[in-house]
Amino acid sequence: MDTYRINEIFYSLQGEGVRAGAPALFVRFSGCNQACTTATVGFDCDTDHTAAKEMTPAEIIAELRSAGPRCEWVVLTGGETALQVDRELIDGLHEAGYRLAIETNGSIELPAGLDWITVSPKMPEDKIQQRTADEVKYVLTAGQPLPTSTVRADHYLISPVFQEGCVDSETLSWCIRLVQDNPPWRLSVQLHRLLGIR
């Protein structure tokens with residue numbers, strides 16, 4: 001791919017999952033193949049991934065270098081990253097000295113070469129194409145059952161839905177109970193939303 005549709009590039013902390021709290025550079029891709037709403041997945045998507053700027057790999061690397069202090073990790077996020085991420089970009093970012101984490105809904109199988117894969121499914125299990133990951137994370141609200149994951153992962157996480165800047169107590173209690181009743185699942189709170197950081 002000659003150019004990629006990029007929504008934004010910024011420096012922050014990893015907000016959720018096993019790597020929560022670690023500094024990282026973020027590349028947010030524009031566009032998604034899912035429409036997350038309360039009716040379809042139990043919550044409304046509140047991430048802007050519609051605005052886009054066409055960028056070459058060299059332009060992405062240049063902006064990463066100016067976005068913050070030298071940082072080892074780049075998190076590829078979206079939207080749905082698998083719609084655009086390819087070997088050319090992966091190889092270019094590796095050659096620039098970065099390690100790559102990616103966040104995907106799992107609907108498209110990812111190219112090889114990524115250093116950390118997070119699958120956060122937003123569809124029925126039989127539709128998931130990315131079947132291996134470092135971590136799999138389900139965002140749940142009160143009453144939603146724990147899925148039987150078809151993704152093989154090192155870490156299995158449940159994340160309570162944040163809506164309008166908070167987690168309601170019923171959802172939090174529900175997710176805590178699911179984790180307590182289903183080891184080795186773990187609770188993952190969206191730290192960036194809790195702390196109000198980007």
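Student: Which residues touch the most other members of the largest nonpolar core?
Tutor: This is a predicted model. Its largest nonpolar core holds 40 residues. Those touching the most other members are Val27, Ile60, Leu64 and Leu76.

Student: Which strand gives this core its largest share?
Tutor: The largest share of this core is four residues. They come from the strand that spans residues 132–140, which is β7.

Student: How many residues make up the other core that lies apart from it?
Tutor: Phe10, Phe26, Val75 and Ala101 are among its members. This core lies apart from the largest one. Its residue count is seven.

Student: What does Ile60 touch, not counting residues up to four places away in sequence?
Tutor: Set those sequence neighbours aside. The residues that Ile60 then touches are Tyr4, Ile6, Ile9, Val27, Met55 and Leu89.

Student: Is Ile6 buried or exposed?
Tutor: Ile6 sits in strand β1. The cut-off for buried is under 20% relative accessible area. Ile6 has 2%, so it counts as buried.

Student: Which residues is Ile6 in contact with, leaving aside neighbours within four places in sequence?
Tutor: One partner is Ile60, a contact that also appears among those of Ile60. Val27, Arg28, Phe29 and Ser30 are also in contact with Ile6. The others are Ala51, Ala52, Lys53 and Met55.

Student: What separates the C-alpha atoms of Ile6 and Glu54?
Tutor: Along the chain, Ile6 and Glu54 are 48 residues apart. In space, their C-alpha atoms are separated by 6.3 Å.

Student: In which sense do β1 and β3 pair, parallel or antiparallel?
Tutor: β1 covers residues 4–13 and β3 covers residues 53–55. Three bridges join them. One has Tyr4 with Met55 as its partner in β3. The sense of the pairing is antiparallel.

Student: How many bridges pair β1 with β2?
Tutor: β2 runs over residues 23–29 and pairs with β1 in the antiparallel sense. Leu13 stands opposite Pro23 of β2. The number of bridges between β1 and β2 is seven.

Student: Within what arc do the buried residues of α3 fall?
Tutor: Helix α3 spans residues 87–95, and Leu89, Ile90, Gly92 and Leu93 are buried in it. Seen down the axis of α3, they line one face of the helix, because they fall within an arc of 165 degrees.

Student: Which elements do the buried residues of α3 pack against?
Tutor: One of them is helix α2, at residues 57–67. The strands are β1, β2, β4 (73–77) and β5 (99–104). The full set is β1, β2, α2, β4 and β5.

Student: What is the phi of Gly97?
Tutor: Gly97 follows α3. Its phi is positive, near 100 degrees.

Student: Why are Arg87 and Asp91 separated by about one helical turn?
Tutor: Their side chains meet in a salt bridge at 3.0 Å, N to O. Arg87 is partly exposed at 40% relative accessible area, and Asp91 is partly exposed at 29%. They are about one helical turn apart because their spacing in helix α3 is four residues.

Student: How far apart in sequence are the parts tied together by Arg99 and Glu72?
Tutor: Their side chains meet in a salt bridge at 3.6 Å, N to O. Arg99 lies in strand β5 and Glu72 in the loop between α2 and β4, so the tied parts differ in sequence position by 27 residues.

Student: Is Glu16 buried or exposed?
Tutor: Glu16 forms a salt bridge with Lys137 at 3.2 Å, N to O. Lys137 is in β7, Glu16 is in the loop between β1 and β2, and they are 121 residues apart. Lys137 is buried at 7% relative accessible area. Glu16 has 11% relative accessibility, so it counts as buried.

Student: With which side chain does that of Gln190 make a polar contact?
Tutor: Gln190 is in the loop between β9 and α5. At 8% relative accessible area, Gln190 is buried. Beyond four places in sequence, its contacts include Gly15, Ser159, Pro160 and Phe162. The polar contact, at 3.4 Å, is with the side chain of Glu16.

Key
Residues are numbered from 1 along each chain as its sequence is written. This is a predicted model: local features need pLDDT of at least 70, side-chain atom pairs count only at pLDDT 80 or more; totals for chains, interfaces and linings use all residues. Side-chain values use heavy atoms; hydrogens and water are left out. Helices (H or I, at least four residues) and strands (E, at least two) are DSSP runs, numbered from the N terminus. Buried means under 20% relative accessible area, exposed over 50%, partly exposed in between (1.4 Å probe, protein chains only). A polar contact is a pair of N or O atoms within 3.5 Å; within protein, one must be able to donate a hydrogen and the other to accept it, and residues adjacent in sequence count only if both atoms are side-chain atoms. Contact means heavy atoms within 4.5 Å. Two strands pair if DSSP finds at least two bridges between them. A nonpolar core is a set of buried Ala, Val, Leu, Ile, Met, Phe, Trp, Tyr and Cys residues joined through side-chain atoms within 4.5 Å. The arc is that of the directions from the helix axis to the C-beta atoms. A salt bridge is a side-chain nitrogen of Lys or Arg within 4 Å of a carboxyl oxygen of Asp or Glu.
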